[in-house]
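User: Please take a close look at one part of this model, namely how its strands pair with one another, and then follow the chain into the loop beyond. I would like one connected account, with the residue partners named where they are known.

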Amino acid sequence: QPNVNIKETEDALELELAAPGLKREDFKVDIHYDNLTFKVEHKQENTEDYKRREFNYTSFQRSFHLDKTIKAEDISASYTDGILNVFLPKREEAKKVLRTIEIS
């Protein structure tokens, strides 16, 4: 199962899923109710040429619960250099407001 990094900014959560050696077509990303699910089905290449083979994703699935702060209809994803990047924008009311309080 691949590792995931999650970074939070003021406007969004950014998820990075490490999955080298796959193609964009190998991924399926679904939202079902409040769950974001990543599925991979990858056809195995001929493994007879390898003396030892440790990285080998044939299939996996990861799911994450989406809370109400995420604007699910605007989630987007891209796959570059072995990393699946998923952008989860926050709803306007969930964004952190920063202001300075005057002290009197």
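Analyst: Two strands are said to pair here if DSSP finds at least two bridges between them, and strands themselves are DSSP runs of E with at least two residues, numbered from the N terminus. The model is a predicted one, and its protein chain holds 7 strands and 0 helices, so that the order of elements from the N terminus reads β-β-β-β-β-β-β.

The part to look at begins with strand β1, residues 4-8, and strand β2, residues 12-18, which pair in the antiparallel sense over 5 bridges. With 3 residues between them, β1 and β2 form a hairpin. Two of the partners across this hairpin can be named: Lys 7 has Glu 14 of β2 as its bridge partner, while Glu 8 stands opposite Leu 13, which also lies in β2. In a regular strand, side chains alternate between the two faces of the sheet.

Strand β2 is also joined to strand β7, residues 83-89, by 7 bridges, and these two strands run antiparallel. Within this pairing, Leu 17 has Leu 84 of β7 as its bridge partner. The pairings belong to an open sheet of 4 strands in the order β1-β2-β7-β6, with antiparallel pairing. Its edge strands are β1 and β6, the latter spanning residues 76-80, and each of them pairs on one side only. On average, neighbouring strands of this sheet are turned by 15 degrees against each other, with direction ignored.

Following the chain beyond β2, one reaches the loop that leads to β3 (27-32), and Asp 26 is found in this loop. Asp 26 is buried yet has no salt bridge, and the nearest side chain of opposite charge, that of Lys 23, is 5.9 Å away. A salt bridge would need a side-chain nitrogen of Lys or Arg within 4 Å of a carboxyl oxygen of Asp or Glu. Lys 23 is nevertheless a partner of another kind, as the side chain of Asp 26 reaches the backbone nitrogen of Lys 23 at 2.8 Å. Leaving aside residues up to four places away in sequence, Asp 26 touches Lys 39, Val 40, Glu 41 and His 42.

For the setting of this part in the whole, buried residues make up 24% of the 104 residues in the protein chain. Among the contacts in the protein chain with a separation of 6 or more, 50% are between residues 24 or more positions apart.

Key
Residues are numbered from 1 along each chain as its sequence is written. This is a predicted model: local features need pLDDT of at least 70, side-chain atom pairs count only at pLDDT 80 or more; totals for chains, interfaces and linings use all residues. Side-chain values use heavy atoms; hydrogens and water are left out. Buried means under 20% relative accessible area, exposed over 50%, partly exposed in between (1.4 Å probe, protein chains only). Lys and Arg count as positive and Asp and Glu as negative; His and the chain ends are not counted. A polar contact is a pair of N or O atoms within 3.5 Å; within protein, one must be able to donate a hydrogen and the other to accept it, and residues adjacent in sequence count only if both atoms are side-chain atoms. Contact means heavy atoms within 4.5 Å. Axes are lines fitted to C-alpha atoms, for helices over the stretch in contact, and angles run from 0 to 180 degrees between N-to-C directions.
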